Amino acid sequence: MQGIVLSKNANLFTVESRDNTYKLHPSGKTKQSGIYVGDRVEFEESITQVLPRKNLLVRPPLANLDRLFIIISPKPKPDFVLVDKLLIYCSLKAIEPILVINKCDLADDEFLGFVTKTYENIVKIIKISAKNGDIKQIEENIEGICAMAGQSAVGKSSIINAIFKDNLAQTNSLSKKIERGKQTTRLVTLYKLENGYLADTAGFSMLDLSYVGDLDYHELSSYYPDFLKARAKCKFRSCLHEGGECGVIDFVNKNKISMLRYINYLKILDELKQSKKY
């Protein structure tokens, strides 16, 4: 039989198949290879095999993530460096990002216009108000294994409460985990919805790109799709876009590339450079 791992408690896994949910231990072979929430597995009386993964996240520990909802709101002031890091992370891990503006009931036209102008050609944007129950757009986009990410107080637990309004036990379990933040990054659970699963993954708010071994700072600009045309105009192929005859800087000066995105790029570039010194 085959199923998906919904949760892990020590060495006991909750696995959902088409007909039922099972509590299973791993076999000797799978004990050595490791099993993660989100894994698709084969099992009999125990888990006998982990099927090939789409991706594997170390922090938070989660396999086969399909979509990441990046949550921002007008209050608190958005951390756009974190947003850009999450977009890069999604590219590295083959995850589809969706930028969610929550608390739209508090947002003015200037804020909405700024976010839209900055990111509309980079990532899909949806606008919701969990407080007012206006979450249809996010519900319609929950497919496969999904997770939410974002800084504290952007309304992740309010979104959870609105999504799971008909299942109070599940709502309380998940929203409490999200509210606890840092203490929950080591445990992940998938919660089933009509067309997919939602994972509790508070660890994304602590994202540090420097631990992603596949990312070298020389390659960073290739994860900025809005830099693509400008990079072709740089004098040197190895240009890091910090100065000199640089197409990216020229496009920034001509307002063809967002100044915010460029400043964030420089901050992340410096962070990656610093990580290579140790």
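In this predicted model, the loop running between helix H7 (228-231) and helix H8 (247-253) holds histidine 241. Histidine 241 has a relative accessibility of 2% and therefore counts as buried, the cut-off being under 20%. A polar atom of the histidine 241 side chain lies 3.5 Å from the backbone oxygen of cysteine 239. Apart from neighbours within four places in sequence, the residues in contact with histidine 241 are Ser221, Arg231, Cys234, Cys246, Val248, Ile249, Tyr262, Tyr265 and Leu266.

Helix H3 comes next. Spanning residues 109-119, H3 has Phe111, Leu112, Val115, Thr118 and Tyr119 as its buried residues. Viewed down the axis of H3, these buried residues fall within an arc of 140°, so they line one face of the helix. The spacing has a general background: an α-helix has 3.6 residues a turn, so residues three or four places apart point the same way. Asp109, Glu110 and Lys117 are exposed on the other side of H3. The packing partners of the buried residues of H3 are strand S8 (67-72), helix H2 (80-93), strand S9 (96-101), strand S10 (124-127) and helix H9 (259-275).

The last element is a sheet. It is open, with five strands paired antiparallel in the order S3-S2-S1-S4-S5. Strand S3 (21-24) and strand S5 (47-50) are at the edges and have a single partner strand each, so one side of each is left without a neighbour in the sheet. On average, and ignoring direction, neighbouring strands of this sheet are turned by 40° against each other. Within the sheet, strand S1 (residues 2-9) and strand S4 (residues 40-43) run antiparallel and are joined by three bridges. Glutamine 2 has glutamate 42 in S4 as its bridge partner.

Technical notes: Residues are numbered from 1 along each chain as its sequence is written. This is a predicted model: local features need pLDDT of at least 70, side-chain atom pairs count only at pLDDT 80 or more; totals for chains, interfaces and linings use all residues. Side-chain values use heavy atoms; hydrogens and water are left out. Helices (H or I, at least four residues) and strands (E, at least two) are DSSP runs, numbered from the N terminus. Buried means under 20% relative accessible area, exposed over 50%, partly exposed in between (1.4 Å probe, protein chains only). A polar contact is a pair of N or O atoms within 3.5 Å; within protein, one must be able to donate a hydrogen and the other to accept it, and residues adjacent in sequence count only if both atoms are side-chain atoms. Contact means heavy atoms within 4.5 Å. The arc is that of the directions from the helix axis to the C-beta atoms. Two strands pair if DSSP finds at least two bridges between them. Axes are lines fitted to C-alpha atoms, for helices over the stretch in contact, and angles run from 0 to 180 degrees between N-to-C directions.
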